[in-house]
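Got your viewer open? Here is a short walk through one chain, stop by stop, with something to select each time.

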Amino acid sequence: MQLVFRDRRVSIKRAFTTAGALVCAFTVASACSADVKPTPTDGVHSAVVHPDAWPRVKWPFAHDAALEQRVKSLLAKMSDEDKVGQIIQADIASVTPDEVRKYRLGSILAGGNSKPGGKLSGGQAWLELSDAFYHASVDTSDGGLGIPVLFGVDAVHGHNDVVGATIFPQNSALGAMRDPALVAEIAAATAEEARATGINWTFAPTLTVPQDDRWGRAFEGYSEDPAVVASYAAAVVEGLQGKPGSADFLDNAHVIASAKHFVGDGSTKDGKDQGDAEVSEENLRDVASAGYPPAIAAGVQTVMASFSSWNGEKMSGHKGLLTDVLKGRMDFQGFVVGDWNGHGQVPGCTNEDCPQAINAGMDMFMAPDSWRGLYKNTLAEVKSGVIPMSRLDDAVSRILRVKMRLGLFDKGSPSSQISNNPSYALGSPEHRAIARRAVRETLVLLKNHNGILPLNPKQRILVAGDGADNIPKQSGGWTLTWQGTGTTNADFPNGQSIWGGIHEQVVAAGGTAQLSVDGKYTQKPDVAIVVYGENPYAEFQGDIPNLLFSPGDSSNLDMIKRLRAQGIPVVSVFLSGRPLWVNPEINASNAFVAAWLPGSEGGGVADVILRTAAGAINHDFHGKLAYSWPRTAVQTPLNVGQKNYNPQFAFGYGLTYKDKDTLGTLSEVSGVKNSAVAPGLYLQRGKPVTGLTLQLTGADGATLDEVVAPARSRDGSIRLTAIDYQAQEDARRVEWSGAGAASVALHAASKLDQDRQTNGDVLLVTTMKVDALAPGKVSLAVACGAKCGASVPLDATLATLPKGEWLRVGVPLKCFREAGADMTRIDVPFRLQSAAKATLSIARVALGTDVDKLVACPTH
């Protein structure tokens with residue numbers, strides 16, 4: 001039936017009459033109570049919370065006297081230093097096993113770009129690293145207590161950090177299945193692969209409810225509908241951890257789960273990552289937090305606090321939500337972990353000093369690269385009483401309970417806990433079969449004109465598009481690297497591209513298949529399958545100003561139209577983490593399939609769109625939209641149940657082969673009046689983007705504003721000319737005479753806040769080539785107003801680059817912060833200066849993570 005609730009329509013089996021009942025509808029029986037009181041009206045902009053208005057949840061573990069005595073006994077032996085070490089988590093790129101031993105740290109993590117030895121690695125390298133940190137943590141030779149370390153990773157769609165692992169479809173795809181049982185199987189397979197590499201904690205499931213598809217993390221959410229998210233929460237938690245009370249709960253094939261990000265990360269204004277959720281408490285409870293009661297009732301052991309704010313108050317410092325609601329009203333008895341230096345965003349805090357977060361209810365700091373300073377300052381604040389001992393003891397006790405439930409004190413090293421070969425568990429045939437079935441269930445058919453699908457595999461089939469033979473692109477962000485970039489098919493030894501799956505089945509059926517990225521062919525095909533879509537991204541790097549697909553790039557549409565003009569029917573297979581405005585592409589295609597981000601098992605696509613060799617339907621379409629599809633590129637936020645709801649394709653839409661496609665020609669008016677540029681793009685095709693201008697400053701100090709090529713400084717010490725790179729005059733050559741320090745810069749009309757990007761592994765990336773370079777100082781700088789800025793030396797790096805070759809050179813943003821720049825108010829995001837005689841060419845300047853040459857931060 002259809003239930004109208006708080007202006008949101010959800011599909012559930014029974015009607016419930018209160019907010020508490022809605023979120024409790026998907027929990028373990030009798031584990032959640034709906035006795036909520038009405039939410040007092042404080043206005044939408046209040047950050048005051050009323051715990052009694054939230055659902056009451058029952059923690060699924062009975063009081064365990066033996067466990068409590070064990071925790072109490074160990075806590076009594078711990079020094080202040082021991083306790084502070086337990087509440088700090090460091091990243092493997094910034095900590096060694098010896099430091100874990102010395103500081104007695106409670107946990108380590110591997111961020112998206114952190115790998116064993118700093119390089120992509122298979123299971124054995126991860127297992128050896130896990131063993132090394134474990135042995136360091138339990139070493140008591142220096143008088144320590146030997147408390148085993150927790151090792152956490154973002155295994156969010158499979159064990160996606162590890163070469164050879166099974167990569168499952170991203171969460172936005174899984175929502176289209178409406179299949180909690182299969183989600184549980186995926187979680188269990190992920191846990192098994194993680195434990196095979198020594199990992200015992202994953203930062204999953206993501207229980208966000210994305211409300212604005214411009215958000216760069218929308219693909220991490222199962223659905224815009226809180227009921228869909230709530231229906232998956234317990235399933236994925238029990239898949240990862242096992243069922244509370246069962247023999248397999250947190251055994252050697254399961255891992256600690258972390259429900260994230262508490263709470264409201266998907267409700268931020270304009271879909272800004274780490275932004276502010278300007279919503280009422282009622283909305284925060286009924287929509288954003290719908291997945292947490294069922295997850296807690298299923299025994300989730302950790303909850304991760306969100307980077308985001310609620311009505312101006314940072315979640316990492318919100319005592320009302322972390323302590324009064326989560327730990328009090330919802331009876332969460334695990335521990336709360338922060339997000340990557342998220343505590344540093346709490347007012348009055350820095351990455352290295354934040355007692356406010358612990359006092360608000362955070363139990364473990366995620367302090368990847370700031371942990372040393374944080375340890376020192378936190379220890380001092382414990383000794384001075386700024387952090388009460390009672391709060392510290394509570395946090396440490398929660399962490400110890402989780403470790404004991406996991407059996408860390410009893411089971412030995414990670415390698416001794418696995419009975420199977422890690423290379424077998426990673427990408428095992430059983431796990432790949434689960435992933436392939438998930439791909440089949442996630443595909444959503446939006447158009448099937450004249451029933452062109454399923455295709456006869458005995459035909460001559462052209463497979464085109466840059467997504468066809470591209471496992472990284474079909475997998476998306478958080479795949480081997482943070483942004484999912486910088487990898488190739490070779491890094492997925494157990495994976496199969498969409499082309500690979502199609503080719504395999506077509507050849508087996510007696511047909512022919514040709515791969516051609518640009519759509520050109522040697523022999524005219526009977527039909528073309530064009531695979532294209534979003535390039536990989538993660539977090540704020542994926543934030544977009546509107547829902548235009550690939551603004552400024554019509555290559556895919558042009559290819560489809562060219563093929564159609566040649567009398568070739570076209571099936572579009574669209575790869576994306578979210579719905580985007582693609583009306584022109586849909587109109588130009590005979591059939592259109594939303595394939596989302598299917599992961600490593602591209603053969604699942606072929607299973608559905610191709611008939612069997614005998615001509616029968618192999619697998620029908622199963623997926624139904626878990627996100628509303630926009631009618632225009634500016635139709636956002638767009639969520640089922642909202643006032644004047646009028647999408648192009650409604651929530652729940654999805655054709656099957658039995659359905660007659662009546663879709664007519666769609667409007668190709670995007671609604672975008674001023675095509676905004678992607679955040680973090682500064683120079684494109686040799687020209688500054690909207691809002692930025694080029695400046696030349698000569699050795700005499702005189703600056704020319706808003707220059708266009710050709711141009712030269714007043715004293716002639718620097719000149720700018722247009723050159724060809726990939727198209728006519730799409731790059732700029734900069735020539736320095738060597739008469740003194742001169743620069744070319746990009747000036748922003750308004751201040752740029754790059755604080756989020758600086759907190760991650762984001763780089764300032766310049767696509768450039770060295771034409772000539774004499775010895776002398778060359779630097780790259782940013783500025784933040786008068787007497788505010790920082791520079792990084794480039795001359796040593798540039799001297800190593802081959803002459804005349806275009807390369808992407810990246811400087812970590814954190815280099816500029818460490819050198820003194822205020823990254824919250826940048827007005828010059830790029831200034832290239834040389835005192836030497838030099839000729840350098842530049843085509844593009846943007847923030848990114850994928851480079852050919854990385855510049856190291858200078859040591860001070």
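How many bridges join strand β31 to β32, and which way do the two run? Keep in mind as you look that this is a predicted model. Select residues 778–783 for β31, and add β32 at 789–793. You should find 5 bridges between them, with the strands running antiparallel. For a single pair to zoom in on, take Ala-783, whose bridge partner in β32 is Gly-789.

Now widen the selection to the whole sheet. It's an open one of 6 strands, and reading across you get β25-β24-β29-β34-β31-β32, with antiparallel pairing. The edges are β25 (703–704) and β32, each of which pairs on one side only.

**The disulfides**

Stay around β31 and β32 and show Cys-784 and Cys-788 as sticks. A disulfide joins these two, with 1.8 Å from S to S. Which hand does the disulfide of Cys-784 and Cys-788 have? The torsion about its S-S bond is about -85°, so this one is left-handed. Cys-784 has a relative accessible area of 0%, so it's buried. Cys-788 comes out at 13%, which is under the 20% cut-off, so it counts as buried too.

The whole structure holds 3 disulfides, so there are others to visit after this stop.

Next, select Cys-815 and Cys-857, joined by a disulfide with an S to S distance of 1.9 Å. This pair links distant parts of the chain: Cys-815 sits in helix α24 (residues 813–818), while Cys-857 is in the segment after β36 (853–854), 42 residues apart. The link is left-handed, with -85° about the S-S bond. Is Cys-857 buried or partly exposed? At a relative accessible area of 24%, Cys-857 is partly exposed, whereas Cys-815, at 1%, is buried.

Then jump to Cys-349 and Cys-354. Their disulfide has an S to S distance of 2.2 Å, and with 65° about the S-S bond the link is right-handed. Both Cys-349 and Cys-354 are buried.

**A glycine in a loop**

Select Gly-317 next. You'll find it in the loop between β13 (313–314) and α11 (319–329). Its relative accessibility is 22%, so Gly-317 counts as partly exposed. Which residues does Gly-317 touch, leaving out those up to four places away in sequence? Show Val-346 and Ala-360: those are its contacts. If you'd like a distance to draw, try the C-alpha atoms of Gly-317 and Ala-305, which are 12 residues apart along the chain and separated by 9.2 Å.

**Two helices packing**

For the last stop, select helix α7 (residues 180–196) and helix α16 (residues 429–442). They pack at an angle of about 145°, with their axes 10 Å apart, and the crossing is left-handed. Turn on side chains to see who makes the contact. From α7 there are Leu-182, Glu-185, Ile-186, Ala-189, Glu-192 and Glu-193. From α16 come His-431, Ile-434, Arg-437, Ala-438 and Glu-441. Colour these residues by type and you'll get 5 nonpolar, 1 polar and 5 charged.

Conventions. Residues numbered from 1 in each chain as written. Predicted model: local features only at pLDDT ≥ 70, side-chain atom pairs only at ≥ 80, totals over all residues. Heavy atoms only, no water. Helix = DSSP H or I, 4+ residues; strand = E, 2+ residues; numbered from the N terminus. Buried < 20%, exposed > 50% of the residue type's maximum accessible area, 1.4 Å probe, protein only. Contact = heavy atoms within 4.5 Å. Pairing = 2+ DSSP bridges. Axes fitted to C-alpha atoms, helices over the stretch in contact; angles between N-to-C directions. Left-handed = near helix turned anticlockwise from the far one by under 90°. Nonpolar A, V, L, I, M, F, W, Y, C, P; charged D, E, K, R; others polar. Disulfide = S-S within 2.5 Å.
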